[in-house]
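Please open the model in your viewer and have the selection tool ready, since each stop on this tour begins with something to select.

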Amino acid sequence: MGLLEQCEDLFKTSDLYKVLGVCKEASDAEIRRGYYKVSLQVHPDRAPDDEFATTKFQVLGKVYAVLADKDQRGVYDEQGIVDEESDSLNQDRNWEEHWRRLFPKITLQDILDFEKQYKGSDEEVEDLKRLYLEHEGDMDLIMESALCCSFEDEPRVKEILQKAVDAEEVPTYKAFTHESVKKKNNRKRKADKERKEAEQMQKEMGLNSEDSLVAMIQQRQKSKENGFNSLISDLEAKYCKKPAAGKKGKKK
């Protein structure tokens, strides 16, 4: 099965750009960023319940290899095909090792520095508006996907989005303007549960109050639904190394 067929089978689209969640005009940095965000969601270590996680991770590596190479990307853009015989798509390639070379580990301080810089920035506003459009105003999905956000940030997030709605920068969605009290309460219960689990982890690990943030971050990292992976993806993407150019694309 070729790469495009694999993408259709695993990600329900054969469009390489859509697989990474970026537009066709995306810059190299945006493609790296998109690759990392999606790859973290399906990384075998972070998606142990997904039986296809390893295959998805490998396919994502190939998608990135095509779009990161100027010649291969050009052929794909013009003809909609990929060079299946390219060295960068070698079936025996160690994609985990390749991934680690592209995205070295970051530190807790990197996370804290990024969060401080990101909150309240123009970038955060644009990201929230994009999520609002993508999820058609569903606050459950918006809060799950938003970077650096916990339940305590929800009033701030809603204010940002309401201003965008009032300014007609985004359309009005009933899911946002008429959200039920039940949905709001469910989010609060979920946040309370996550906080208690973090406190339990802190207790079990013998952490003091100064280390409570570490416990919370570690607990969040376990959750697929709180956007922590997206935060890590943005941070680590800053330190990625640009891969060497591969062979020029050819027809299959």
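The tour below visits helix packing, aromatic pairs and two charged side chains in a predicted model.

**Stop one: helices α3 and α4**

Begin by selecting helix α3, residues 28-42, together with helix α4, residues 53-68. The axes of these two helices come within 9 Å and cross at roughly 175 degrees, which makes α3 roughly antiparallel to α4, since angles over 145 degrees count as such. To see the contact itself, show the side chains of I31, R32, Y35, V38, S39 and V42 on α3, which meet A53, K56, F57, L60, G61, Y64 and L67 on α4. Sorted by character, the residues of this contact of α3 with α4 comprise nine nonpolar, two polar and two charged.

**Stop two: helices α4 and α5**

Keep α4 selected and add helix α5, residues 70-79. Here the packing angle is about 95 degrees, with the axes 5 Å apart, and α4 is therefore roughly perpendicular to α5, the range for that word being 65 to 115 degrees. On the α4 side the residues to pick are A65, V66, L67 and A68, and they meet K70, Q72, R73 and Y76 of α5. The contact of α4 with α5 is made up of five nonpolar residues, one polar residue and two charged residues.

**Stop three: aromatic rings**

Next, colour the aromatic side chains, among which there are four aromatic pairs by the ring-centre rule. Select Y17 and Y76, whose rings form a tilted pair, 6.0 Å from centre to centre with 45 degrees between the planes. This pair links distant parts of the chain, for Y17 lies in helix α2 (residues 16-20) and Y76 in helix α5, 59 residues apart. Are these two tyrosines, Y17 and Y76, buried or exposed? Both Y17 and Y76 are buried.

Then move to Y35 and Y64, where the ring centres are 4.5 Å apart and the planes stand at 10 degrees, so this pair is stacked. Y35 in α3 and Y64 in α4 are 29 residues apart, and their pair again connects distant parts of the chain; both residues also appear in the α3 and α4 contact visited at the outset. Y35 counts as buried because its relative accessibility is 1%, and Y64 counts as buried because its relative accessibility is 2%. To finish with the rings, select Y132, Y173 and F176, which form one aromatic cluster.

**Stop four: K129**

Now select K129, which is found in helix α8, residues 122-134. With a relative accessible area of 13%, K129 is buried, since the cut-off for that word is under 20%. Its side chain is joined to the side chain of E169 by a polar contact of 3.2 Å. If residues up to four places away in sequence are left out, K129 touches L161, A164, E169 and V170, so display these four side chains around the lysine if you wish to inspect its surroundings.

**Stop five: E154**

The last selection is E154, placed in helix α10, which covers residues 154-166. This glutamate, E154, has a relative accessible area of 8% and is therefore buried. Which residue does the E154 side chain reach through a polar contact? The partner is R187, whose side chain makes that polar contact with the side chain of E154 at 2.7 Å. Apart from residues up to four places away in sequence, E154 touches M139, M143 and R187.

Notes
Residues are numbered from 1 along each chain as its sequence is written. This is a predicted model: local features need pLDDT of at least 70, side-chain atom pairs count only at pLDDT 80 or more; totals for chains, interfaces and linings use all residues. Side-chain values use heavy atoms; hydrogens and water are left out. Axes are lines fitted to C-alpha atoms, for helices over the stretch in contact, and angles run from 0 to 180 degrees between N-to-C directions. Helices (H or I, at least four residues) and strands (E, at least two) are DSSP runs, numbered from the N terminus. Angles under 35 degrees count as roughly parallel, over 145 as roughly antiparallel, 65 to 115 as roughly perpendicular and the rest as oblique. Contact means heavy atoms within 4.5 Å. Ala, Val, Leu, Ile, Met, Phe, Trp, Tyr, Cys and Pro count as nonpolar, Asp, Glu, Lys and Arg as charged, and the others, Gly among them, as polar. Buried means under 20% relative accessible area, exposed over 50%, partly exposed in between (1.4 Å probe, protein chains only). A polar contact is a pair of N or O atoms within 3.5 Å; within protein, one must be able to donate a hydrogen and the other to accept it, and residues adjacent in sequence count only if both atoms are side-chain atoms. Rings of Phe, Tyr and Trp (its six-membered ring) pair if their centres lie within 6.5 Å; planes under 30 degrees apart count as stacked, over 60 as edge-to-face and the rest as tilted.
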